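Let's take a friendly walk through this assembly, going from annotated spans to domains, contacts and a sheet. Please have the viewer ready and follow along.

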Amino acid sequence: MNDMRIVERTVDSHQTKITARGVQVYYGEKHALKDVDVDILDKTVTAFIGPSGCGKSTFLRCLNRMNDTVAIARVQGDIRLDGDDIYDKRVDPVQLRAKVGMVFQKPNPFPKSIYDNVAYGPRIHGLTANKAELDAIVETSLRKAALWNEVKDRLAESGTGLSGGQQQRLCIARAIATSPEVLLMDEPCSALDPIATAQVEELIDELRSQFSVVIVTHSMQQAARVSQRTAFFHLGNLVEYGETGQIFTNPKDPRTESYITGRIG
Amino acid sequence: MTLIAFLLLFAAAILGYVLNRSAARSLRAGGAQLHSLSTFHGGFAALLVLVPTFLFIILWLLFHASVLDRLTMGGLPAGTLDGLDSGATQLILAEIKSIAGGRIFGSPEPWKIEAAERLAGYRAMSANLMLGLTALLALGLLVIARRTVSPEFRARQRAEGIIKGLMIFCSSVAIFTTIGIIASLVFETVRFFQMVPWHEFLFGTTWEPQMPIRADQIAAEGAFGWLPVFLGTLVITVVALFFAVPIGLLSAIYLNEFASPRFRKFAKPVLEVLAGVPTVVYGFFAVLTIAPALRTFGEMTGLPIAPNTAMAAGLVMGVMLIPFISSFADDALSAVPRALRDGALALGATRAETVLNVLFPAAIPGIVGGVLLAVSRAIGETMIVVMAAGLMAKMTINPLDSVTTVTVQIVTLLIGDTSFDSPKTLAAFALGFMLFIVTLGINVLALRIVHKYREIYD
Amino acid sequence: MTDMTSHPGPKSIDWTSDEIGARVRKRKAAENRLRYIGLGAIGIAFAMLALLISSLVSTGWQAFRQTHVTIQVTYTPEFINPDNLQRSNYRGLLEATMLDLIPGATNGRSVAAILSNGAQFTARDRIIADPALMGQTVTLRVPTSDPYDQLAKGLIDRDTPEANRRLKNDEIAAFDALLSQGVVSKPFNWALLGNADSRFPEQAGLKGALWGSFYALLTCFLLAFPIGIGAAIYLEEFAPKNKMSDFIEVNINNLAAVPSVVFGLLALAVFLGWFGMGRSIPFVGGMTLALMTLPTIIIATRAALKAVPPSIREAALGVGASKQQVVFHHVLPLAMPGILTGTIIGLAQALGETAPLLLIGMNAFVTAAPATPFDPSTALPTQIFIWADSPERGFVSRTSAAILVLLGFLVMMNAVAIYLRNRFERRW
């Protein structure tokens, strides 16, 4: 517990970006997520923690409707982005996902060049009018992902040739190239070594200035280091949700306390 | 006779089993500690008798016919066969055989009847000899097996050793088959190149394999340049792929990305039915339905469509290849890791964009491997082209024209009577050799691509 | 992270703008286009299958019925010599019978041609079987010859100018006279299954081909099944992992892709050329098919063996079984359903295989069914090839019918394989 540097930042009174009420998820017969209510604030890093299989990744995948791509998944309840129901029939998941970007557990660069990886989103969404604009977006995104200096001379090389940490930062650059409003990160550091993890964590902190970031993590230390708000999930239930400092120092629920002190998990 | 020999063999094997087992049992009853169970002693004896004797009978059956033929022909009055080529000799032998079998046509020469009687005598003798030797061999092995029974004899290990040897033999059948294919093709091809220079075959642009009417006419008039034949094969292959590749790929994309699980469950077996239809059926389909339809189409539009147009054979071959390509593409698309698909979808790509921009490029090696295998199939496909393509070799790449293929030429050259010393017959083997090399090369390349691709994502 | 300050983020994007909306609509349209093109591609494949089956059924179903004429034959001494029944004038007898049957007919040869060439032998066999019929009248139902069969089935257009028609006006009139007397019938064509091949379509049947295919497949099974299982067990369970077993494995995979006609060349050169075996022999065909089926069986067997979990092997080894006992007592029985499924599928492929059988002469014209696997005969697919090449009109529908019979067998074999797979499939 000693290495937990609780972030000494209070949460500014940001407005709510996403509100979720009564969310239930079923995978076939399995009731994977039970009645979750969460408000996610703008320009804040929110961490979802909890033991394996507790439903935190499932909930994350509800926020950009990635569960739609799993045939047996069924989502109920109300999730609103800026007040608009994202499960409304009129909402196009394609457009939703441009606004709510996602970074995955394992780096998954496309087997294309570094440039094409980052440019892919802006291209399909038609965000640029010409090559110069696209070049600018690629450069800013790579700079924001702290990768530009490492790859600026080999943008034409394949993205799969980078190291694990670089690949993950490339995936982050790819996700922020479409200027999403929310960035979902599903255990983004679990496949990385400590140095790469530190780089990505630093990056997450920087990203907070522009996006609302939601990060699922296995590591309490990481949650403590990067997030301002933390939600603890257990067995498909949202047990406790609040400011990170409060969750880690003064949890209200005994289950949270047990998890944080390492008695369940 | 053969049946009796086999019965004898099995009886001896069973006898060996019973004898050795009871011998082992009586040893045990006498208080001895046996290394192996008595049934293993029996099993060892049965195997020891069975394997060599079986091998003996098979070898005898394989070779006795040609030995008898040689004896018969060798015993003919001196000078009878002088000046006859091997075709005529074969004819005489066939006649002698049919006389020996009791089928007499017309009134054959006395020396033929005499030879037939000798042949019949040899046959009876050979059958008795085989039976006698089989019995002798089995008996000898029985005695040897019986001698082995002793407390220390490791019957289980020995029996398992024999079984392992049998299994190794089974595994080597595949190698023998390959050796047999290569040996027979090379052997006959070399003989062909002794009659026709190899460069004429490889680089010649005329293919007119004519039956030499007189012996001194060998290949003087015939031309054996394989290029037009191979070109015809390529034309039909290209037509087939032109049809099959887009349809196969698009079907795979639809099934993989858009189809509901229920539709997929119904559509995949239906496509597999197309793959299970024998090619002779496709050939008849081409002749019965597709060729007349194309002819009518040609008459309506004024296109010069030849009666045996390469289009008909190519189209039908394309239908045959659709399931092949679609299942390869389906596998290749499914093998792309889910993470890549998720990555594209999470950026807001539509399903079509995901497939075309991300999945498809990633699956290209697997798909290319599948298409190459399809090419090799199309080149080696026989019945469709035998029934629907032409016989005349032309240097043309016009798919509306009539072309011939390597396989068509092999079949037409070899259907009917074949004697192994006319260039016409041997040319078929030379074509077969080229076919084997080309398809083998493509297959090896394709399998390598597919394997490499699998390694990337495993 | 100094980059951040020097480079402001991209301008924020208004996702609700008309421009973006139009673009999304366009992308959606492209997605739907791909969907419908894909559906169209599958549709074409299905349509081809439907066309194939419908053209076979529409031409083939007629061959399952054969036009027959019922005639009253009186064995009179005028034509029949009781002392030499074998060589009596049955043709004359039938001509007279037909002249009686058709009012106004004068040309006996012409009206007798309505009947199949085999009718005289039917008449002969009847009285040879029972010589007491001499002087009596018997009722015979005999097939018509091919042109009249076509006419009865409506395949000859009566409006075609006479010069271009296979049957002339008087011939059609004679047949119509038979029709009006109600002596023409179209029963099920048992000859299609019960007769061997013939030059005359109305007498040609598949008996010889069915037996030939049966003997060839039996040989193929007896050779390929044990050898295939032996090879697969050795390679999967015993073979040391070295260059040799790699080589064998590559070899098997390549053999599976060698064109079938090359196996025909092998059989022709080795079995017929070097070993001097006979042409057109189902046993030789079976050996050739066995070589082709072997890779399929080996690959299927190895997959089935692989699917048996190692825990079973360990359990048996743990109680002191030898490696061979483990395999033959435990692994092989558990893998059997998978092996059988693969074998049946391999045999189904072998049943449809044509080219290698052509090269060893199984396209001979044989008018008797083979009594043993060593008698010359045809096989089902080569019979189809022969009939497809025959010029007589009646053979078109018979070819389709033969194909339907072949496809029937294939469907049955595959159904058995699927049943086995579903019935005995285990999830470990």
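UniProt, in an unreviewed entry, lists residues 210-417 of chain C as "domain: ABC transmembrane type-1"; UniProt positions are given in the numbering used here, feature names are shortened, and annotations may be inferred rather than shown by experiment. That span is 77% helix and 0% strand, with its end C-alpha atoms 21 Å apart. Helices here are DSSP runs of H or I with at least four residues, strands are runs of E with at least two, and both are numbered from the N terminus.

This is a predicted model: local features need pLDDT of at least 70, side-chain atom pairs count only at pLDDT 80 or more, and totals for chains, interfaces and linings use all residues. Residues are numbered from 1 along each chain as its sequence is written, while chains are lettered from A and ligands numbered from 1 in the order in which they are written.

The unreviewed UniProt entry also marks "transmembrane region" on chain C at residues 36-57, 214-235, 255-277, 283-305, 326-348 and 401-420. Two of these spans are set beside the domain annotation here.

| Span of chain C | Helix | Strand | End C-alpha atoms apart |
|---|---|---|---|
| residues 210-417 | 77% | 0% | 21 Å |
| residues 255-277 | 70% | 0% | 24 Å |
| residues 401-420 | 100% | 0% | 29 Å |

Now for the domains, whose bounds come from an automatic or database domain assignment. Chain C has domain 1 (26-62), domain 2 (66-187) and domain 3 (207-424). The C-alpha centres of domain 2 and domain 3 of chain C lie 46 Å apart. Chain B is split into domain 1 (2-179) and domain 2 (223-457), and their C-alpha centres are 46 Å apart.

How do the chains meet? Residues are in contact if their C-beta atoms, placed from the backbone, lie within 7 Å. Between chains C and B, the contact takes 67 residues from chain C and 70 residues from chain B. Helix H2 (residues 18-60) of chain C gives the most to the chain C side, with 20 residues. By class, this side of chain C has 46 nonpolar, 17 polar and four charged residues. Nonpolar means Ala, Val, Leu, Ile, Met, Phe, Trp, Tyr, Cys and Pro; charged means Asp, Glu, Lys and Arg; the others, Gly among them, count as polar.

Towards chain A, 15 residues of chain B are in contact with 23 residues of chain A. H11 (338-346) and H12 (351-380) of chain B are the elements that give two or more residues to the chain B side, and H11(B) gives the most, with six residues. This side of chain B has 10 nonpolar, three polar and two charged residues.

Why is helix H14 (residues 406-414) of chain B largely enclosed by the rest of the structure? Eight of its nine residues are buried, so the surroundings largely enclose H14(B); buried means 20 or more other C-beta atoms within 10 Å of a residue's own, with C-beta atoms placed from the backbone. Among them are Val406(B), Gln409(B) and Leu414(B).

Chain A holds an open sheet of six strands with mixed pairing, in the order S6-S7-S8-S3-S9-S10. Strands S6 (100-103) and S10 (237-243) of chain A are the edges, each pairing on one side only; pairing requires at least two DSSP bridges. Inside this sheet, S3 (residues 45-49) and S8 (residues 212-216) of chain A run parallel over four bridges, and Thr46(A) stands opposite Val214(A) in S8(A).

Terms used. Buried ≥ 20, exposed ≤ 12 C-beta atoms within 10 Å, placed from the backbone. Contact = placed C-beta atoms within 7 Å.
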